[in-house]
Amino acid sequence: MAALCEGYTLCGLVPAVNRRSSEIKGIEEERDSDHVIVTDSSRSVTLYKVSDQKPLGRWTVKQGQLLTCAAVFNKQTNEYVAVSDNKVIRIWKEDDIILDKAFKATVSADVQSVHCAHGAEPAVLFQRGAVRLLDSLLSAPQQPVEEVLVQDEAIRWSTSIVTDTQQLVIFTTELKGDHFLYLQRLKPNSVQKYRLEPEGPGLSPLSFWASYRDKNICLLYLYPNGHVYQSLVSVRAPEADEGTQVVSLPRDQLLSLPVGKELLEAASAIFLDDAHIAVVGVPHPSAGPGKDFLCIWNTNFQTLQAAKEMAGKLYGQLWSFSSKLFIPHGKALSVIPFACPRSSLASALGKLKQVKTEESKTSTVVPSWNTILHGEEAAAPKPVEARKTRTTRKTQSSLSLTIDQVQDLIKMASVEEVEKEVQGLLSRQDPNDPQLSLGQLAMALVSRSLADPKFYSSRALTQLVPTRCLSHSVCPDLLPLALEKRDYFLCQLCLLFFHDIPEAVTCACLKAFISLSDLDAEKLSLEPDSVSFMEMLLSNEHAQTGLQNGFSPTFCEEDRTDAVDNPKAKAKEKKKASPQQTCPVGKHKAALINEILQTAYSEALLLPHLKDFSSDQVVLFLRYLEFLYLRYSTDGSSQTHGYRSPSLNQVMDWVCMLLDAHFTVLVMSPVAIDLLLNLQSFVKSQVRLFSELGKIEGSLQELSKMKMKKDVGQYSIEVMELY
Amino acid sequence: MIQMGEFKVHRVRFFDYMPSAIRSMAFNSHTERLAVARADGAVEIFNFADNYFQEKVIAGRDGRSIEALCWVGRRLFSAGLEGEITEYDLENLRPRYSIEAYGGPIWTISSNSQGTLLAAGCEDGTVKMFEILEDRIQFQTNLSRQKGRIISLSWHPSGAQIAAGMMDMIKIFDSETGQATHRLLVDRGVGTSKSREVVVWSVAFLNDHTIISGDSAGKVQIWDGLTGTLISTHLVTKWDVLVLAISQDESSVIAGTSEGTVVQFQFLPSTVGQQDKFWVQTRTFKNHSHDVRALVHTDTAVVSGGMDTQLVVRPLLDKVEKNTQESALHKIAFPHRNLVSCAKKAGLLLFQFPDHLELWRLGESDRNGTPGESLPVKRKPEKLIQLKIKGEDHICCSALSPCGSWLAYATVAAVRLYRLQLSSSNVSIQKVSKLPRELKSVHQLCFSSDSCRLFASSSFSSVVVVALDQTDCKYLHTLKHKSGSKQPIHILSPSEDGQWLATANTDCEIHVFNLRKMKLHCSVPAYSSCPTAVSIHPTSGNLVSVHADQQIFEFSLKQKEYSVWSRQLQRQGLHPLWLQRDTPVTQITFNPNNPAHIMLHDVFMFCIIDQSLPLPEAKSKFYNQRILRSLPEPQRLRESHAFKACKNFQHLLSVNLLEDLSLVVVERPLVDIVCQLPAPVRQKLFAT
């Protein structure tokens, strides 16, 4: 679930009385994610350190002059660029104190805005639609500037995006109620004009937001009727002839936000990641109108994920830098950190793992749908994430090897060296996006092992798996590899920590575990908790501790005899009554099988694979399940010890499935017939117990009725007798 | 036909009796009397030496709000937000006088241990000193005036100093010079309450000059009163600490909080055997759902009261013997007197509220049924009259004549008598305008069984007899006894035949007057425990009395001696379970059909004593009705004993036998009272 964290105020605002927008003209990221520059509509640009809520510097133009566009920061040169009075471009550095003394250049046409995407050169957008790179403009400030837009066409919104190869300036215009999108490519220059599909009479988009994703520019826009659309624009340069004509822009409706009766006035929507958008100025669906909310919506599931009521008037302005939202409201500009973990329906599919308390404490990272459906590549890093890893890499590089370097190392180095580096990497693990990087690491390890039979680093992998950052879909070859290498400890860990193991693989593991000889199994070092559970179960195997509700297997045997007429069968069954209490497998093997019992599965998918088992394997497995079942039913304490253990229901489910899959074989097999009879007798006794319980149900209900006092009203006339 | 022991029961739950919240308490350890002030201005006196019996009730009045009570010797003073100090006349159950303190609302009063001075803390920031004279109090001096109200006061036992709890601070005054000698600043609460002034709700000044304070930030603080320094702070609640009480030996302090808890602190050495002691938080009692506004620390128990209207006596288990009557928790939720009068012949009920009376006609059913059955109600009960009192004084007693044609009530100021005329369709009420002037200062009213006489207990334990006829009422006589006791009569009980009138007063005396001769017939030998119910048998003329210690006596008026049955009962002793009940029997009635039956009830049970049956052995099962029901008839007779107790009805306020031998049971379920209380302070429950 996406979540909005507790916000804090970055700076105060002079409350705008009648204006639709706040005095904030723009917020741009400065040198890193913790610094922003805020341009206000009066005359000043302020640099803030966000985490300190503190201004670091402030620059103001002279009285009578006005800043006409938001200042930007050029990371290449560490310079600030702003435009005053539409025509004067100003450039200064952080140590310039007086803005008037800094560099100024007057250009020949009115500037709309200056954009400086990450790591790119600043680009200047003129009011009439022309775009120039700053450097080339400053080389001849008075150069003539062409008019791209027609008469009455005005720019409504603009931004700039840098792709791998290209820098783009995107802006939208309005002309007589029609809206157009211009995609201006720089170096080489080309412009593409798109027409936005009209939404309805008089409805103009309230806000735009663009992000670069999967080689497309993704444009998000919000209409006053609450409709949120997404349009994908390819960044590839069009064919030569295409460039000139106006193409209609296809759109997908992402959301239809509830707006109530009135249309929205000031609102905006921005992308947080590929599945979440933040919306401001749209009423909360369950709060009344007139309340101002900041909401996060999941576009995949169309659900409201988080909402926060904002005090004071909202201006429909919203910025987002590195998991922080900047929102002016009332008398303050607030910073609200947010988190958008990928949501999934994984938990809704198949049988969910038995969640014990310790598991629920740590959040498990669930792989996104993209990863599952399209493999690793589809989940291309988003710009925000890329930036983040870049910064973290920067901080790590001085200490030791980065993930990339370790990945390279894995391709070549010896097992020992790899293990050492992986351990080192894990010890200073960066929590920002561990899933991706560790997944890559595991992939590298596995592919090396697959390619080079001599290379297998069990230690590195067993360290990686418990980080809970991996899943089967991230690294599908890991578990089969472990099986192949007979690394059963790793198998156990995978079964324990992966929630998305396909049934085929689960069955393969089960097969391997069952056919494992007990002698070999004893030598394994397994997860201690699972072994202790088996030890506990086996230690009181013969100690007939307190019987639950008076149930005694022998009693039930005797009880059953009157139902079974055949005295021979009776004797036979009596003889067999005791052996069920001994465990048919060793404790290590049992611990491994227990792990299988606790995995998630879906019956329909599991059954075909279960059919592949040989009858011996099935009988052994069934014996073990019967043992577990008997222990659980006779000894109520076996499940209340705090160890991670299969539940009685899980055991029952597996028994049923196994019988479903192999019933005909089992019935024919002479070895299994006793087992089946035992199971049947046991089930019969259970059924009998429940029918007995059913009989006393009436009496119990009568008891509860007696307890309930008759509700005497305000007045009644009763007859009473005293003896 | 109705069999022996079978009754048609009118089960009445429409008496909306609502007790008032407890505001303040004071305990007189010499007389062992606890004075309790309620939010409606009423003052009640409980006798802790006699099974916590509620001896006296002084009715409140509109607009009187008592903030503090104080005993000075046997004299009781109160003060409240109306700015007056009142002394009570405990013999006539009325305020003796009130003196305006001229300092605005009074938050607290406290007398020095010598009993010579009474200090009052006022809204205007003054502590006013009153000299306690023989018959009144007289203003003596003001201590130096402070900014901010004086909320709480405590004298040093020497009387030389007095500590005053104020807003944000505690001041210590020299009581001689009147100058403040120390100022102890009290921290405000953390968080949002930082901006709010902290109120020092209570202070206690100990002999070793330790000052203990409880404040609205939830703290109990221990101060050194000599240096004015803070010794320790104990945060006991998120809400207010409203009241503190110290034990007589100053080794234990209890603090009452808004959460309904009482927290105990004890002065203990940190390790066993060491000399230096510290105040240590030891126990927490939770017996209230709402604010604990009043606390008393007796030698053996914690007595607490508050918004939830119940008086709770929680014995300290280290001070009493375990598993005895004394170690049991007592909750007093209902008054120990009757608020319901029943007109036996007319089937009417009169409910007494502080400021009004309600007259109801019972419903009817034309069917008979088997025991345990509810009968269909043919006619619903009906409220005939709601009589609002005139004036500000609350009702102290009321009575309805058995025929249902007279209604009387009294306040401390006046007695009012009404003539009722009820037909099936028409109700008329007419005030009797001219009452004899002897009818004043009345604290108990009663009509004779033929409704021709009105008896009113008056001052000096006297009874005024007034004759009633169709048109007027005439003073006949004042009955007086010669014992010299001036205590008020709390029980008036005329005999059915009109010959006798029994009276009982809080000096534990029972006097019987001959109404034909209008003079004292005899006095029942005095018993140490106060009678809680007295009644004269209609045929045998025996007087049956039940006392606060649950003893039952039967006194023959003819022979002037205890009856044989009574002596046998005393010899054999009552059943332990009977003695363990903790609410007094408040009513005794007789069954005219069966002279051997005595019917009595307390809050939790209704009992018929059959004098013809053997008394229960100590080992036999006392509450045996359920067993008897399951036995066949002959065996039942063998198994049964004299006490036929019925616990079907709970929270009984009154049980009466109508003329048609059906019972009227008035219940007031405690849950109905609790659900009318305001919401308690919000408490965080687990998983909410």
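## Chain B at a glance

Of the 688 residues that make up chain B, 59% count as buried. This is a predicted model, so please read everything below in that light. The secondary structure of chain B amounts to five helices and 56 strands. Where contacts in chain B link residues at least 6 apart in sequence, 47% of them join residues at least 24 apart.

On the outside, chain B exposes about 29,000 Å², and carbon and sulfur atoms supply 49% of that area.

## Where chain B meets chain A

Let us turn to the interface. Here 35 residues of chain B are in contact with 13 residues of chain A. The size of an interface is often given as the accessible area lost when the parts come together. For chain B and chain A, that buried area is about 2,300 Å², with 57% of it on carbon and sulfur atoms. Which three residues supply more than any others of the area that chain B buries against chain A? They are B:Val9, B:Arg11 and B:Arg13, which supply 22% of it.

Polar links also cross this interface. Nine residue pairs are in polar contact between chain B and chain A, counting pairs with both residues at pLDDT 80 or more. Several elements of chain B take part in the side that touches chain A: strand 1 (6–12), strand 33 (374–375), strand 53 (606–610), helix 3 (625–630) and strand 54 (643–646) each supply at least two residues. Strand 1 of chain B gives the largest share of that side, with seven residues.

## The salt bridge across the interface

How many salt bridges does the rule find across the interface of chain B and chain A? The count is one. A:Glu718 forms a salt bridge with B:Arg11, and their closest N and O atoms are 3.2 Å apart. B:Arg11 has already appeared above, as one of the three residues that together supply 22% of the area chain B buries against chain A.

## Salt bridges within the chains

Over all chains, the structure holds 42 salt bridges. A:Asp520 and A:Lys523 make one of them, with the closest N and O atoms 3.9 Å apart. These two residues are three apart in helix 12 (residues 518–523) of chain A, so about one helical turn separates them. Their surroundings are open to some degree: A:Asp520 is partly exposed, with a relative accessible area of 35%, while A:Lys523 is exposed, with a value of 67%.

In chain B, the side chains of B:Arg61 and B:Glu392 meet in a salt bridge at 2.6 Å, N to O. B:Arg61 sits in the loop between strand 5 (53–58) and strand 6 (66–72) of chain B, and B:Glu392 in the loop between strand 34 (382–388) and strand 35 (397–400) of chain B, so the pair ties together parts that are 331 residues apart in sequence. Both partners count as partly exposed: B:Arg61 has a relative accessible area of 30%, and B:Glu392 has 42% relative accessibility.

## Strand 8 and its surroundings

Another salt bridge of chain B joins the side chains of B:Arg96 and B:Glu87 at 3.2 Å, N to O. Is each partner buried or partly exposed? B:Arg96 counts as partly exposed, at 43% relative accessibility, whereas B:Glu87 is buried, with a relative accessible area of 0%. Elsewhere, salt bridges that share partners join A:Glu718, B:Arg11, B:Arg13 and B:Glu667 into one network.

B:Thr86 is placed in strand 8 (residues 84–89) of chain B, and this threonine is buried, with a relative accessible area of 2%. The side chains of B:Thr86 and B:Ser98 are joined by a polar contact of 2.9 Å. Setting aside neighbours within four places in sequence, B:Thr86 is in contact with B:Leu76, B:Phe77, B:Ser78, B:Pro95, B:Tyr97 and B:Ser98.

## A nonpolar patch on chain A

Finally, a look at the surface of chain A. A:Leu689, A:Phe690, A:Leu693, A:Ile696, A:Leu700, A:Leu703 and A:Met706 make a nonpolar surface patch of about 700 Å². One of these residues, A:Phe690, is found in helix 20 (residues 670–707) of chain A. A:Phe690 is exposed, because its relative accessible area is 52% and the cut-off for exposed is over 50%.

Key:
Residues numbered from 1 in each chain as written. Chains lettered and ligands numbered in written order. Predicted model: local features only at pLDDT ≥ 70, side-chain atom pairs only at ≥ 80, totals over all residues. Heavy atoms only, no water. Patch = residues over 30% accessible without salt bridge, like charges linked within 9 Å, V, L, I, M, F, W, Y side chains within 5 Å. Areas by Shrake-Rupley, 256 points an atom, 1.4 Å probe, with all protein chains shown as cover. Salt bridge = Lys/Arg side-chain N within 4 Å of Asp/Glu carboxyl O. Helix = DSSP H or I, 4+ residues; strand = E, 2+ residues; numbered from the N terminus. Buried < 20%, exposed > 50% of the residue type's maximum accessible area, 1.4 Å probe, protein only. Contact = heavy atoms within 4.5 Å. Buried area = accessible area lost by both parts, 1.4 Å probe. Polar contact = N/O pair within 3.5 Å; in protein donor to acceptor, adjacent residues only side chain to side chain.
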